[in-house]
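Trainee: I would like to learn how to read a protein structure feature by feature. Could we go through one together?
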Amino acid sequence: YVTANYSSDSCGASTLAHAGPCAYDQYGRPIAGNINICEPFWSDEFDWKKDVQTMLHEMTHITIFLSALWDEFKDADGATLPVSEVYDTSVSPPVLKTPTLLQTVREHYNCATADGLP
């Protein structure tokens, strides 16, 4: 669900929005979440591409980009992946790099040396 609570502790002077999961399935995967839109989101000139980009970014915080979820990632057989196969902070910027994601990124960008997805 989406809210616009400007007084939230997470709404800083330049924070456009913040998000996180609030319900999980029996396997610990997020199935619902909240996006809170902060006041700076509305302060720029109308730019629908920026608005869409911000909302997509926040949706990734609900579905994948939350460090508490990374030790629960599963492979195709249902086995838990080690965090070292999910996220890499040794590169800049840090990247997500599950085996399937890494293969997809390398194929999509035609770059066999891609470290993952920032």
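**Salt bridges**

Mentor: Happy to! This is a predicted model, and a good place to begin is with Asp25 and Arg29, whose side chains meet in a salt bridge at 2.8 Å, N to O.

Trainee: What is the general idea behind such a pair?

Mentor: Side chains of opposite charge can pair when their charged atoms come close. In this pair, Asp25 is buried, with a relative accessible area of 17%, whereas Arg29 is partly exposed at 48%.

Trainee: How many salt bridges does the structure hold?

Mentor: It holds 3. One of them joins Lys50 to Asp51, where the closest N and O atoms are 3.4 Å apart. Glu72 and Lys74 also meet through their side chains, at 3.8 Å from N to O.

Trainee: Are Lys50 and Asp51 buried or exposed?

Mentor: Both Lys50 and Asp51 are buried. Compare Glu72, which is partly exposed with a relative accessible area of 39%, and Lys74, which counts as partly exposed at 38%.

**The disulfide**

Trainee: Let's move to the cysteines. Which of them are joined in a disulfide?

Mentor: Look for two cysteine sulfur atoms within 2.5 Å of each other. Cys11 and Cys38 fit, with an S to S distance of 2.0 Å, and the count comes to 1 disulfide.

Trainee: Where in the chain do the two partners sit?

Mentor: The pair links distant parts of the chain, 27 residues apart. Cys11 is in the loop between strand S1 (2–3) and strand S2 (17–24), while Cys38 is in the loop between strand S3 (30–37) and helix H1 (40–43). Cys22, by contrast, is in no disulfide, and its nearest cysteine sulfur, that of Cys38, is 17 Å away.

Trainee: Why is the disulfide called left-handed?

Mentor: Because the torsion about the S-S bond of Cys11 and Cys38 is about -75°.

Trainee: And how covered are the cysteines?

Mentor: Cys11 is buried, with a relative accessible area of 16%, and Cys38 is buried at 0%. Cys22 counts as partly exposed at 46% relative accessibility, and Cys111 is partly exposed at 28%.

**Two sides of a helix**

Trainee: How should I read a helix such as H2?

Mentor: Start with its length. H2 has 16 residues, which at 1.5 Å a residue should span 22 Å; its end C-alpha atoms are 22 Å apart, so the two agree.

Trainee: What comes after length?

Mentor: Ask which way the residues point. An α-helix has 3.6 residues a turn, so residues three or four places apart point the same way.

Trainee: Which residues of H2 are buried?

Mentor: Lys50, Asp51, Thr54, Met55, Glu58, His61 and Ile62 are. They cover an arc of only 130° around the axis, which puts them on the same side of H2.

Trainee: What does the face turned away from that buried side carry?

Mentor: It carries the exposed residues Trp48, Lys49, Gln53 and Thr63. Take Trp48 in helix H2 (residues 48–63): its relative accessibility is 53%, so Trp48 counts as exposed.

Trainee: Which residues join Trp48 in a nonpolar surface patch?

Mentor: Phe46, Val52, Leu56 and Met59 do, and together with Trp48 they make a patch of about 570 Å².

**Backbone exceptions**

Trainee: What should I look for in the backbone?

Mentor: Most residues other than glycine have a negative phi, and most peptide bonds are trans. It is worth spotting the exceptions.

Trainee: Which residues does the cis peptide bond join?

Mentor: Ser92 and Pro93, with omega at about 0°. You will find Pro93 in the loop between strand S4 (87–88) and strand S5 (95–96).

Trainee: Which residue has a positive phi although it is not a glycine?

Mentor: That is Asn110, with a phi of about 50°. Asn110 lies in the segment after helix H3 (99–108), and it counts as exposed at 73% relative accessibility.

**A stretch of chain**

Trainee: Can we finish with a distance along the chain?

Mentor: Sure: Ile31 and Phe41 are 10 residues apart along the chain, and their C-alpha atoms are separated by 25 Å. Ile31 is in strand S3, and at 59% relative accessibility, Ile31 counts as exposed.

Methods
Residues numbered from 1 in each chain as written. Predicted model: local features only at pLDDT ≥ 70, side-chain atom pairs only at ≥ 80, totals over all residues. Heavy atoms only, no water. Patch = residues over 30% accessible without salt bridge, like charges linked within 9 Å, V, L, I, M, F, W, Y side chains within 5 Å. Areas by Shrake-Rupley, 256 points an atom, 1.4 Å probe, with all protein chains shown as cover. Salt bridge = Lys/Arg side-chain N within 4 Å of Asp/Glu carboxyl O. Helix = DSSP H or I, 4+ residues; strand = E, 2+ residues; numbered from the N terminus. Buried < 20%, exposed > 50% of the residue type's maximum accessible area, 1.4 Å probe, protein only. Expected span 1.5 Å × (residues − 1). Arc of directions from axis to C-beta.
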